[in-house]
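The report below reads a structural model through a few of its loops, its nonpolar cores and its largest pocket. It is meant to be read alongside the coordinates.

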Amino acid sequence: MTSRDETEALSVAAESSGALERHGSGSGSGEVSTQRHSSGEVSTERHSSGEVSTERHSSGEVSTKRPGAVDTAEEPSPDTRPRTRDLDTSLIAEAATAPDTAAGGGSDDGSDDDGAPPGGRKRRPLRTSLIALAAITVAAAAGVAATGTIGGDGGGSGGSAPSGPPATAKVERTTLTDTETVDGNLGYGDATTVQAPASSSGTGDGQSGQDQSGQDQSGQGQSGQGSSAAGSAGDGIVTWVPEEGKKIERGDTVYRVDQQRIPLLYGSFPLYRTLRSGSEGDDVRMLEKNLRALGYTGFTVDDTYNSATAEAVKEWQDDLNREETGTVAAGDAVVADGARRVADVKTSPGAALSGSILSWTGTERIVGVDLDVQFEDLVEKGTKVTVELPDNTTVQAEVTDIGTPSTSQGDDSADGSGSGDSGSGDSDDKATLPVELTVKDQKGLGRYQAAAVQVTLKAESREDVLVVPVSALVAQRGGGYAVEVVTADGTEYRPVKLGMFADSRVEVSGKGIKEGTVVGVPK
């Protein structure tokens, strides 16, 4: 039997060997007994009228006992062992809730431990988990309220309803134009080739019209007759050619043969015979128009080549440093429909006059479009279009020429080399319509000589209509569409009838929809 002043301190701990050890002390009041175990456990006992036994285990747990109570500390398994912060939280929580019944005692690490409530130690890991779960729940609720997911704006109650749509727009009255944008190419158009005149053959004068006697000549095709060296078609040596990019206008030299100038004349067809006094026809009128444009006078512009015309021709030949014959052979001039720009030179000085001499184009930049035939109804001569350049600037253009629809398959099979598989149904061989656009504002094209461009064609236009952004439309459950109208009392949905769509806007009409009405749109 022990006296009342003596206290039996029991420390039951799980050693590494699995054995239990009981420690006792019979010291008087105020004695302290400390024991250290091989597993790293420490047992400290203070004996008084309110004896306290404190144990620190290798797991980091601390148990506090009253006299007569037995605390069994179990080593938690690795998957349930509380973290260090769990221990600190548990100690703080326990210190705040434990009744102040002990006189006070210090542990060996300097911490103050109050007496634990009767019934033994609570399971701290479970308590810590509940606290962490509560903290996560609070944080999640705060995040939802801040993002407005439940209707709040982050500054008020999380359950408050939204005050209106995230953004608004006004109903506008305007002209709505539907357009179609297609690819085009900026350049100088298709190049044509200047050929050397054909070799002369036969002895006739090559007149296709009537001669002085009014007899109809069959036109023996003599295209090279003439007294000048240049007029002897197929003869001579090329002595000068222009450089690429050179602009050639009426009267300017296209090339030189034996140092004699071959000038440019404007017309719709080439010289094809020798013109002399008594010749009649459209080619005579064309020649006389050019002579008049170059400043020569003394003749009447008509379809008759007479002595007055011959005198003007001699004067022209003198200016060209040519022999003054008064006649014009087929090879004495090159005819084009206007000023030309040299695209490529195909011969060089010293070469015999034969074959291709050069290729040229128009002098103004145009836009070519291979238009899908489904948009054929959008273009006709005179149609105005908008051309967007690579730098995003725009110029206005006009349709000046429309070709004949064609397909690449038809072009490839023209020489008879096609595979003959007419049933393949190749969808890539779509018919296209060649369209030429003229740009009057050549300066607006900048320095672009050739570039890919975007061409906008006007498809349909609606004037004086009410429009809203397409994003303002709200699909109704029973079908149809509505818009969310902002009113003084809040918002309401009003049904609308839809019209034409264009440029991310849509034509609308309906009860309560007028110019200036405010509607909701996404942010």
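S504 is found in the loop between β24 (490–502) and β25 (505–509), and in this predicted model its phi is near 65°, a positive value in a residue other than glycine. With a relative accessible area of 62%, S504 is exposed, because the cut-off for that class is over 50%. A positive phi also occurs at N321, where the angle is near 60° and the residue is again one other than glycine. N321 lies in the loop between α4 (307–319) and β14 (334–336), and it is exposed, with a relative accessible area of 68%.

The loop that holds N321 also holds D332, for which the accessibility reads quite otherwise: D332 is buried, with a relative accessible area of 4%. A polar atom of the D332 side chain lies 2.8 Å from the backbone nitrogen of A329.

**Loop residues and their accessibility**

The table sets these residues beside three further loop positions that are taken up afterwards.

| Residue | Loop between | Relative accessible area | Class and citation |
|---|---|---|---|
| S504 | β24 and β25 | 62% | exposed |
| N321 | α4 and β14 | 68% | exposed |
| D332 | α4 and β14 | 4% | buried |
| E244 | β10 and β11 | 51% | exposed |
| Q442 | β20 and β21 | 16% | buried |
| D377 | β17 and β18 | 67% | exposed |

E244, in the loop between β10 (238–240) and β11 (247–248), counts as exposed at 51% because the class begins over 50%. Which residues does E244 touch, once those up to four places away in sequence are set aside? They are V342, A343, D344 and V345, and the C-alpha atoms of E244 and A343, which are 99 residues apart along the chain, are separated by 5.5 Å.

Q442 sits in the loop between β20 and β21 and counts as buried at 16% relative accessibility, because that value is under 20%. Its side chain reaches the backbone oxygen of V439 at 2.7 Å, and, leaving aside neighbours within four places in sequence, Q442 is in contact with E364 and R365. D377, by contrast, lies in the loop between β17 and β18 and is exposed at 67% relative accessibility; its C-alpha atom is separated by 8.7 Å from that of A459, 82 residues apart from it along the chain.

**The nonpolar cores**

In soluble globular proteins, nonpolar side chains tend to be buried together. Here the largest nonpolar core has 22 residues, of which V367, L371, L437 and V455 touch the most other members. The elements that give two or more residues to this core are β8 (172–187), β17 (366–372), β18 (384–388), β19 (394–402), β20 (432–438) and β21 (451–469). Apart from this core lies another, of 18 residues, among them L265, L271, F299 and V328.

One of the well-connected members of the largest core is L371, and its contacts, not counting residues up to four places away in sequence, are with V182, E376, V379, A431, T432, L433, V435 and L457.

**The largest pocket**

Which residues lie nearest the centre of the largest pocket? They are T192, V335, A336, R340 and W360, out of a lining of 35 residues, and the pocket holds about 740 Å³ of space. Two or more lining residues come from each of β9 (192–195), β14, β16 (356–362) and β20, and β9 gives the most, with four residues. By class, the lining has 18 nonpolar, 12 polar and five charged residues. The strand β20 therefore appears in both settings, since it is among the elements giving two or more residues to the largest core and among those giving two or more to the pocket lining.

**The chain as a whole**

The protein chain has five helices and 26 strands. Of its 523 residues, 35% count as buried. Among contacts with a separation of 6 or more, residues 24 or more positions apart account for 60%.

Conventions
Residues numbered from 1 in each chain as written. Predicted model: local features only at pLDDT ≥ 70, side-chain atom pairs only at ≥ 80, totals over all residues. Heavy atoms only, no water. Core = buried A, V, L, I, M, F, W, Y, C linked by side-chain atoms within 4.5 Å. Buried < 20%, exposed > 50% of the residue type's maximum accessible area, 1.4 Å probe, protein only. Contact = heavy atoms within 4.5 Å. 1 Å grid on protein atoms, 1.4 Å probe; cavity = no way out; pocket = protein on both sides within 12 Å on 5 of 7 lines; lining within 4 Å. Points joined across faces, edges and corners; volume = space filled by probe spheres on them. Nonpolar A, V, L, I, M, F, W, Y, C, P; charged D, E, K, R; others polar. Polar contact = N/O pair within 3.5 Å; in protein donor to acceptor, adjacent residues only side chain to side chain.
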